[in-house]
Amino acid sequence: MKVFSSKYTFDYSWEEVSTANWRKYCPWNDKSTHVIAVDTLARKVDSATGILRTERLITCTQSAPAWVISLLGGSNTSHVYETSYVSPAEKRVTMCSTNLTWANILRVRETVTYQPDLSASSPGHERTEFVQDAKITALCGGWQKIRTKIEEASIERFSENARRGREGFEAVLEMSRRVFGEEKEREKAGVK
């Protein structure tokens, strides 16, 4: 098993980040063109805690080499199952995802959290901490060398995708701030 960990601080409030999170895979994000569809499977608010729990299926194009696809079977699309928890009381978003495609060969478990970064925030300038952890396990039986190579290559690719994902989400956050700001100005001016 290989582990990937990353921490980053977004220069946006938790409210902005938690709202824009639902638009992460929209046209504003030119770094996520591999995402074909995001389907919401279930959504429910726990009446006791106020936590919003959402289950989604994310469909992506997969850039695995053609020889890998022909050897292992499958197609150039992959599926990821994501469960997210939004706690307004704690100001925390937690997202847990796992791959469904080729899960019998490679297991990827990712957890992401967004919460206010109180150490880096000041009145009128709030920031949000992003923490990302992934555990990648190749399930190749007793072939340790092959398993290690697969895990190392997967971690390298995951790291690259994580960097591009942060860059894309920054673009979504910037556009969201601008669009919501323009809408607030129209409301103040009484324009519909």
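**Exercise 1. Charges across the protein**

Task: How many positive and negative side chains does the protein have, and how far apart do the centres of the two sets lie?

Solution: Start by counting in this predicted model. There are 28 positive side chains and 25 negative ones. Next, take the centre of each set: the two centres lie 5 Å apart.

**Exercise 2. One charged residue, E110**

Task: Is E110 buried or exposed, and which side chain of opposite charge is nearest?

Solution: First find E110 in the chain: it sits in strand β6, which covers residues 106-116. Then look at its surroundings: E110 is buried. The nearest side chain of opposite charge is K24, at 7.3 Å. Now recall that a salt bridge needs the nitrogen and the carboxyl oxygen within 4 Å. E110 has no salt bridge.

**Exercise 3. The partners of E110**

Task: With which side chain does the side chain of E110 make a polar contact?

Solution: The partner is the side chain of Q132, at 2.6 Å. Now widen the view, setting aside neighbours within four places in sequence: E110 also touches residues including M95, C96, S97 and F158. D133 and A134 are among its contacts too.

**Exercise 4. The whole fold**

Task: In what order do the helices and strands run from the N terminus?

Solution: Begin with the tally, three helices and seven strands. Reading from the N terminus gives β-α-β-β-α-β-β-β-β-α. For the overall extent, the C-alpha trace spans about 65 × 35 × 35 Å along its principal axes. Finally, of the 192 residues, 35% are buried.

How values were computed:
Residues are numbered from 1 along each chain as its sequence is written. This is a predicted model: local features need pLDDT of at least 70, side-chain atom pairs count only at pLDDT 80 or more; totals for chains, interfaces and linings use all residues. Side-chain values use heavy atoms; hydrogens and water are left out. Helices (H or I, at least four residues) and strands (E, at least two) are DSSP runs, numbered from the N terminus. Buried means under 20% relative accessible area, exposed over 50%, partly exposed in between (1.4 Å probe, protein chains only). Lys and Arg count as positive and Asp and Glu as negative; His and the chain ends are not counted. The place of a charge is taken as NZ of Lys, CZ of Arg, CG of Asp or CD of Glu. A polar contact is a pair of N or O atoms within 3.5 Å; within protein, one must be able to donate a hydrogen and the other to accept it, and residues adjacent in sequence count only if both atoms are side-chain atoms. Contact means heavy atoms within 4.5 Å.
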